[in-house]
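Trainee: I'd like to learn how to read a fold from its surface inwards. Could you take me through one?

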Amino acid sequence: MNFKIDKTDGNARACTIQTAHSTIQTPIFMPVGTVGAVKSLDATDLKEILDAKIILGNTYHLYLRPTSKVVREFGGLHGFSKFDRSFLTDSGGFQAFSLSKISKPDENGIKFKSHIDGSMHYFTPKSVIDTQYDLGSDIMMILDDLVALPATKERIELSIKRTIKWAKEASLYHEENKQKGIGVNQNIFGIIQGGTDFEARRFCAEALCEMSFDGLAIGGLSVGESNQQMYDTVEAVMPHIDPKRPRYLMGVGTPEDLVENVERGVDMFDCVMPTRNARNGTLFTTFGKINIKSAAFINDHLPIDPDCDCYTCKRYSRGYLNHLYKARELTFFRLASLHNLHYYLNLVKQMRQAIMQGKFKEFKKAFYAKRGVYDK
């Protein structure tokens, strides 16, 4: 991976990440393709319509089905999905958290029961890297111990202890494998845990910065804390994260979350929100969210957002989309997902332009003004 900071504006950064499969300009939002596909979209939609440079896949889900060995036989995720740009794969740590009723972490890894067939499995720092070698992702995430918030001080201390231990194992294992010619074009990111405890975050960040990770992620946020607690935690940990590596805030979030955290120095984001909300009829616009299910849109000839130039807005009316949703027509899922993802990808592109011009504060003020919410 090649990483370059192109411009800064305050703490906000515009950077370029070069992987074996694509050039990624940050800030960047990564559409979530959990099982190797972004729901309702294919590789052509992602490349030719959205021009996405990187998407996210999930190690836990792909390990279970179709299995990483099957994916490897098709040439990894790039060959399997035909999306030949960059992939980032999460390690499964979040699934251990979200499926906590069927998983149990210990000092050496995470034991879990498959949500598909009930079979038992055990993820370790090394095994999840092996799985991601099969998947062939450009960026591999380490196994981490994530906790719900609020959490006790004792549980947070245990979380960072495990996360640092597992990070060392994963980092050394990847370095050893690269010497053997394995995973040489794959990059590895560490994950900083610590809840909303600033001292725990600092301790974990400094420990991970001493390791040979290609990038560093902030995990364990947007899991029960308030938005302001999230922003304050990111702001507190940022001075302790190596500025010469990409910074990735995992699983976040709303358009407002992206703007606030870019201002604090985050480069990369992912979240299921744009596609999940699309499927449920909630669409993002420059002036806020709309619910296309509303009867107010039955005879509306306008596009979702008159200021949007996405594939959907250039072709279809709110009235038509209202009809498709109510008819449960599958076409709705694609058109709504294309719009919401375009909105997110365009938002980060606009932020990059503002940073490059030294006008991020003006951008942020205009962003909130259009939504009727003025910056504090």
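Trainee: Let's start outside, then. How much accessible surface does the chain have, and what share belongs to carbon and sulfur atoms?

Mentor: Keep in mind that this is a predicted model. The accessible surface of the chain is about 16100 Å², and carbon and sulfur atoms account for 51% of that. Looking inwards, 55% of the 376 residues count as buried.

Trainee: Why does a radius of gyration of 20 Å agree with a compact globule?

Mentor: You compare the value with what the chain length predicts. For 376 residues a compact globule would come out near 21 Å, so the chain's 20 Å agrees with that. Along the principal axes, the C-alpha atoms fill a box of roughly 60 × 45 × 40 Å.

Trainee: And what is inside that box? How many helices and strands are there?

Mentor: The chain has 14 helices and 16 strands. As for contacts, take those between residues at least 6 apart in sequence: 67% of them join residues at least 24 apart.

Trainee: How do I read the two faces of a strand?

Mentor: Start from the rule: in a regular strand, side chains alternate between the two faces of the sheet. Now try strand β6, residues 86-90. S86, L88 and D90 point one way, F87 and T89 point the other way, and all are buried.

Trainee: Which strands pair with β6?

Mentor: Strand β5 (residues 54-58) runs parallel to β6, with five bridges joining them; there N58 stands opposite D90. Strand β10 (residues 139-141) is also parallel to β6, joined by two bridges, and M140 in β10 is the bridge partner of T89.

Trainee: Where would I look for an antiparallel pair?

Mentor: Go to β15 and β16 (residues 288-291), which run antiparallel with four bridges between them. They make a hairpin with two residues in between, and F284 stands opposite K289 of β16. Both faces of β15 (residues 282-285) are covered: T282 and F284 are buried on one side, L283 and T285 on the other.

Trainee: What about a helix?

Mentor: An α-helix has 3.6 residues a turn, so residues three or four places apart point the same way. Helix α10, residues 255-263, is mostly covered, with seven of its nine residues buried. Those buried residues are P255, D257, L258, V259, E260, N261 and V262.

Trainee: What is the sign of phi at G265, which follows α10?

Mentor: Phi is positive at G265, near 110 degrees.

Technical notes
Residues are numbered from 1 along each chain as its sequence is written. This is a predicted model: local features need pLDDT of at least 70, side-chain atom pairs count only at pLDDT 80 or more; totals for chains, interfaces and linings use all residues. Side-chain values use heavy atoms; hydrogens and water are left out. The radius of gyration is taken over C-alpha atoms; the globule rule is 2.2 Å times the number of residues to the power 0.38. Buried means under 20% relative accessible area, exposed over 50%, partly exposed in between (1.4 Å probe, protein chains only). Contact means heavy atoms within 4.5 Å. Accessible areas come from the Shrake-Rupley method with a 1.4 Å probe; for residues, only the protein chains shown count as cover. Two strands pair if DSSP finds at least two bridges between them.
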